[in-house]
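Reader: I am in my first year, and I keep meeting labels in descriptions of structures without seeing where they come from. Could you take some of them and show me the reasoning behind each?

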Amino acid sequence: MVARDKCSNLNGRHLPAEVSIKGYVLQNVDKPSHRNRGGGSLIYIKEKLQPQIKTKRVTEKSEILHLTTQPHRGLTIKIVPVYKNPTCSAIEDDEFYDCLDNILSNPHETLIMGDFNLPHMNWTTRQSQAPGSKLIDLMNTNSLQQHVNEPTRGNNILYLVMTTTDSTNGLEVTDKIGDHQMIDFSLAVQDPNTRTQHKQVLDYKRANFKLMKKDHGSNNYEVLMSNKNAEECYMILKEKIATATKHHTPRKRIRQTNNPPWFS
C-alpha cells in the first residue's frame, strides 16, 4: 500500500499512534513554511519490503522523497513520491529535475508518482512547452513511461505515475479526495532469479524526427567547423546527431539474447 498527500503536514502535531498503520512504515516530508495550512508528502510501505530513505529534498515549492524497497532478494525498487508547485521558477524547475535525474542514474527499477502540476502536457504526442519540456527530456533520457491518461483534477492530468519498466497493472483514476482524484494501481514485480534479462535500446518508431531536424537546423556548422580538420568536423557532427537523437528518442526494453545483432 502506498499513500501520498501534498497537504499532509504532520510537523509533530500528531502522536505516532494517530498516524501509524500496523505492518506499515510511515515516511514523510513536511513543508518548511508555517505560513500556509498543510503542505507535505507521506507514504506508507509494508515493513517486509524493508524501506530505506535515500533522499529527502523539500523546499517552499517542491518535495522529493526517495526510498528504496526490497520485494525480493537481490531486487531493489526505488519509490519516489514528488510534488512540484506550478509557480516554480525556471531555476527551481532545473534543480527539481536535476534531483530526479540523479536518482534515476542508479540502474534500479524506479516508480515516480505525484503532482507535477503540468496541465498543458500533450500525453498523446509527448510534447509540451517549458516547463513541461523538461519532464519530457527527463523521461526520454531515462526511459520513463507515464501511465495516467485520465484527468486527475478538473480536465487536467496533474498527478502522474511513471516507471522505468512497463510494470503497472490495473491503473484507475477513482474517487475524489478534496478536489483531486485518487489513483489506484499495482506494481508487478518479478523475482530476479526467474525473470528474463532485458536491455534498453532506442525506440526509433516513437522518435520525434521533426524536433531532431529542428535541432540540426539550429546548429551553425559553418562556425562550429571553422578551422577544423576532417576528423574534428566528423566528431562535431557525430556529437550533434547523438545529442538530438538522445533528446527526442524514447527508449524501450527488449529481451536480452545471446544472438549477434544481425541475427533474427
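Author: What follows is a set of questions and answers about the labels used for this model, which is a predicted one.

Reader: What makes the contact between R57 and E95 a salt bridge?

Author: The label asks for a side-chain nitrogen of Lys or Arg within 4 Å of a carboxyl oxygen of Asp or Glu. The side chains of R57 and E95 meet at 3.6 Å, N to O, and because the cut-off is 4 Å, the pair is called a salt bridge. This pair links distant parts of the chain, with R57 in strand β3 (residues 52–58) and E95 in helix α2 (residues 90–104), 38 residues apart. The structure holds four salt bridges.

Reader: Why is R57 called buried or exposed, and what about E95?

Author: Buried means under 20% relative accessible area, and exposed means over 50%. R57 has 17% relative accessibility, so R57 counts as buried. E95, at 42%, lies in between those limits and therefore counts as partly exposed.

Reader: How do you know that D94 and K134 form a salt bridge?

Author: Their closest N and O atoms are 3.0 Å apart, and because this is within 4 Å, the pair meets the rule. D94 belongs to helix α2 and K134 to helix α3 (residues 132–142), so this pair, too, links distant parts of the chain, here 40 residues apart. D94 has a relative accessible area of 38% and K134 one of 22%; both values fall between 20% and 50%, so both residues are partly exposed.

Reader: What makes R206 and D203 a salt bridge, and how is each residue classed?

Author: The closest N and O atoms of R206 and D203 are 3.5 Å apart, which is within 4 Å, so the pair counts as a salt bridge. R206 is partly exposed because its relative accessibility is 41%, whereas D203 is buried because its relative accessibility is 8%, under the limit of 20%.

Reader: How do you know that β4 pairs with β3 and with β5?

Author: Two strands pair if there are at least two bridges between them. Six bridges join β3 to β4, and seven join β4 to strand β5 (residues 75–84), so both pairs satisfy the rule. β3 and β4 run antiparallel, and β4 and β5 also pair in the antiparallel sense. In the β3 pairing, I53 stands opposite L67 of β4, and in the β5 pairing T68 stands opposite K78. A hairpin of three residues joins β3 to β4, while the hairpin between β4 and β5 has two residues between the strands, with G74 in the turn at a positive phi of about 85°.

Reader: Why is β4 described as largely enclosed?

Author: Eight of the 11 residues of strand β4 (residues 62–72) are buried, so the rest of the structure largely encloses this strand.

Reader: Why is the pair of F96 and Y97 called edge-to-face?

Author: The ring centres of F96 and Y97 are 5.2 Å apart, within the 6.5 Å needed for a pair, and their planes stand at 85°, over 60, so the pair is edge-to-face. F96 and F116 also form an edge-to-face pair, at 6.0 Å centre to centre with 80° between the planes. F96 lies in helix α2 and F116 in the loop between β6 (109–115) and α3, so this pair ties together parts 20 residues apart in sequence. Ring pairs link F96, Y97 and F116 into a cluster.

How values were computed
Residues numbered from 1 in each chain as written. Predicted model: local features only at pLDDT ≥ 70, side-chain atom pairs only at ≥ 80, totals over all residues. Heavy atoms only, no water. Helix = DSSP H or I, 4+ residues; strand = E, 2+ residues; numbered from the N terminus. Buried < 20%, exposed > 50% of the residue type's maximum accessible area, 1.4 Å probe, protein only. Phe/Tyr/Trp six-rings, centres within 6.5 Å; stacked < 30°, edge-to-face > 60°.
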